[in-house]
Every structure is written in C-alpha cells, then in structure tokens.
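Hi everyone, thanks for coming. Let me put the structure up, and then we can walk through its rings and its core together.

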Amino acid sequence: MKASVRLDIDRRVGPIDRRIFGGFLEHLGRAVYGGVYDPDSPLSDAHGFRTDVAETLRALDMPCVRYPGGNFVSNYDWRDGVGPPEKRPSRPDFAWKSIEPNTFGVDEFVRWCREIGTEPMMAVNLGTLGPREAADLVEYCNLEGGTHWSDARRANGGADPHAVKLWCLGNEMDGPWQAGHCPAPEYARKARQAARLMRGIDPSVELVLCGSSGRGMATYMEWDRTVLEHCWDEVEYISAHRYSGNREDDTPWFLAEGVEIDRILDDYAGLLAYVRGLKRSDRRVFVAFDEWNVWYKNHLTDGGWTVGAGLLEEVYNLEDALVCAQYLNSFLRHADVVRIACLAQIVNVIAPVLTRADGLLVQSIYHPLRMFSRHAKGVSLAPVVDGPTYEAGARGEVPVLDVSASHDEETGAVSLFLVNRGTSQDLEVEVSFGDRRAGTAVEVEVLSGDDPKAHNSWERPDAVAPVGESGARDGDGKLRVRAPALGLTVVQARLEPRS
C-alpha cells in the first residue's frame, strides 16, 4: 500500500513545549519504595536512589515529573514527609489502602529530580487540606529564608530554594473516588483561594487547574467550563486525563485510539476559546495532559495496609506502545493547545520500567517516549496525509497512517512520526516538502513486529525494541520511507537551504 505526506515548514501548528515529554511519580505501589527509592539495595546510591532506574529514566530526557499524586495527594500532608526521617510519622493511605512511611518526601523528590535532570511538578492537597497548607508548601520550597517554612527547609539541608515552578491545584477533584471530592463550584472557590495565596508567596509559579478525570465522566466539559469561568485569571493550565485500554481484545479498534485523543483535545480547544471569549480576555490558558497512558490489565489497587505492595504492575505489549505513540502524535498536532503532558507513571506502576532486586526491565512503552523526546524539537508542522483507511469497528473508517511532524529551525532537521495502524500491510510513504528538498542524510528508527501482543520479559528483554532502517531520497528531494505494519517509524532528515 502507498501513502503520501506533504509538509510545508511555513504551515506551523505552534512551538513544541518540551514539557509534553514529562512523567509522573506517585506514592503508589512500588513506584517510590522499591522503584526510584530503595536504600537497602546494593544498586542504590548514598541517597537511596536506584542508580539503574535513574540512568534509564535520564535517557528519556523528561523535562518535568509530577508528584506526589494522583489520588494519593488528596489525603497527604506534605509536612509528614520533611525533617529527620526517623521522626516522620507513618500514615494510612486512603487511596491505595497502603502504609506511607514518609521516608521519601518533598526534599528527597527534589534531590532525585536534580539527579536525573528534570524539574519537579508539585501537586498540592485540595481534598482534605486547603489553600493555607498549599501556600505553606510554596513557602517551604521557594522562599530564600527568613520565614518559618523556608527556614525549616534550610534546617533540613536545603540551603537553596527548590524553585518549583509548576503546581497542580489538587487532583481529579471531579471524581467521587477522590478524598475530599466536591462539586465544581466548591472546588473552583478553593482552587482560586489557593492560587492567590500561592502566587502571593511566589508570583512566578505556574498553576494547573483540575479538569475532568476523563471523557466518560457525566460532568465532562461542564465541570471544566465551571472551574475555568471561576479561575481563568488565576491559572495557566487545565488538566486532562485519559487511560486507554483494549478490554475487548479488538486490536484494530484499539489501534484507532488516536482518534479519541484528538477528539478530547479538540473539545478542550473549543472550550478554552469559548471561555476566553466569554471573559473577553487577552490571556491564554493551555492544557496540561498530566496523566496519560495505557492501563487495563492490572487493577490490583488494595495494598493490604503494607509498604510498597505490587500494585498496577501492567505488562505492556507492542500495540500498547503504538497507542502511546498516538498520544504523542496528538500532542504534537495540538501543540498550540497542549503545553504539558505526563506519562503516568514512570516506575513499576503502569510504567515503562519494572524493577526487581537485581535489575530492571524496559517495557515496550518506554521506546516511543524516548524516540519522540529525542527528535521532536522546534515547531510542530501540519502534515497533509493521503492514504488508505481501514475498518476500526465501532470507530468506523480510520486512516491507516497516523502522522505528526516537527521542524528544528536551529539545525534544519525535519522529523516525522508515522504510526501504521494496520496489522498486516506495510506502507510505502512518499514525503515531500513543498519548495524545499531533503538532504542526503536520512535517519530512520522503527519499532514494529508481527505480533501485537509481543512484550518484553525478563527472559526476552528486547522482544519489542527499535531498530535502525534506511530511508532514501529521490532526485527530486522527496523521501521514500517504508512504514511497517504494527509499527512506529521515526524519520529525520535535514532540509537543503532554499535556492
């Protein structure tokens, strides 16, 4: 089968915010204890951080990591997790029926972020705590000294401020499962109060308002409209969440998941434009898609009141990785709307990395994030795609080829991200660049396979892994690329200067 992609570097969606390649670390299962932090492990450093985990995550070049939740944060008092570890109290965790020893808290998290080269994105508890405690945490993290909480940080070893810029005003407060769940107007009032207090401590902070927990919520978009109307002038972002799944074991339907992601982002684009018009506002609010992933196989959520129980340890396969690639394609195609996105999560819990005592396993979904993070730089381009469609069950006719593209003006590199949703036929893709020509240096990396259920295991750790392939340039400056079925193909070429 054949397809074509036409690109014009002057047809831009918008600048790519590198924070769309962020991650998420929650006090859940073995994400923290036995994941990033394991002081008793011979694989850990003097701070208790697993060095193999740090090295593997560092390679993803995540610009930010959201913490400490998630559902966990809505019953969490950050003050329990600072100060001498031996004096920190153990607490019951409402969300995951676990015990939280509080040996890893704000200071440890910020230190770990610096270790892997990422920025902390902190969530505050607006479920069972409130605006005052949120502002106290900003004081603890961001003021130089001379106040109660900033001096407490200094006494705890943090001579320099943590300088946390990104803050989430609670988590999924529209969800009845959330500790402190409340109606939209009540949450909006609390969020607005918290925003004003937090920005009163540090005017430079950027704030994320809780949007809908998912498109299936009965209050979807109505919740978002209400909270945006109340808080438009106080926040920079509204959150969106989605977890994808293939519960019916229908691979063609599942591989059309990108259609649903596009719809969600189109919904938010329309809502944000509406509220901005309603407010007659000159300012913009963007989307922080700060929880996204595939999750449907492992729903063990009860920790049995233990520390670090093995919860939500999903095994990811090839089709899961291709769905993750479609999330990233959609974020790039909506670069004018999406400024932050966080893969949920990063270690052990619905994660690209699994650990055990003697090492770690890289799962299939690790690779799309690394491939996109490495190549998607500069501005997002608007591709024009011509190609075949296929029948995706209840989703109807869907394009076989899912595409995004970027242009790095500094290097002249154009990167294309091609997902072949088809299960059996490769695509021969012709790529043209308007009045520009591709240079001779073409780099191609492919993640594909014959079995959508193929997955990495401790016995076969590279069953699903990317390989390099060749790409060709025609005499007319177009590219010819093979996009394998069940595959993500990433192509990078440098354009010749205009003649």
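**Rings, charges and the core**

Let's begin with Arg-66: its charged end sits over the ring of Phe-24, 4.6 Å from the ring's centre. By that I mean that NZ of Lys or CZ of Arg is within 6 Å of the ring centre and within 35 degrees of the ring normal. Over at Trp-253, Arg-395 lies over the face, at 3.9 Å from the ring centre.

A quick word on the source: this is a predicted model, where local features need pLDDT of at least 70, side-chain atom pairs count only at pLDDT 80 or more, and totals for chains, interfaces and linings use all residues. Residues are numbered from 1 along each chain as its sequence is written, and side-chain values use heavy atoms, leaving out hydrogens and water.

Now, which residues touch the most other members of the largest nonpolar core? They are Leu-25, Trp-112, Trp-167, Leu-169 and Tyr-187, out of 151 residues. A core here is a set of buried (under 20% relative accessible area, 1.4 Å probe, protein chains only) Ala, Val, Leu, Ile, Met, Phe, Trp, Tyr and Cys residues joined through side-chain atoms within 4.5 Å. Helix α9 (residues 318–333; a DSSP run of H or I, at least four residues, numbered from the N terminus) gives the most to this core, with 10 residues. Phe-24, our ring from the start, belongs elsewhere: a second, separate core of 14 residues includes Phe-24, along with Val-73, Tyr-237 and Ile-340.

Back to Trp-112, then: both this residue and Phe-109 are buried, and both lie in helix α2 (residues 106–116), three residues apart. Thanks, everyone!

Key: Helices (H or I, at least four residues) and strands (E, at least two) are DSSP runs, numbered from the N terminus. Buried means under 20% relative accessible area, exposed over 50%, partly exposed in between (1.4 Å probe, protein chains only).
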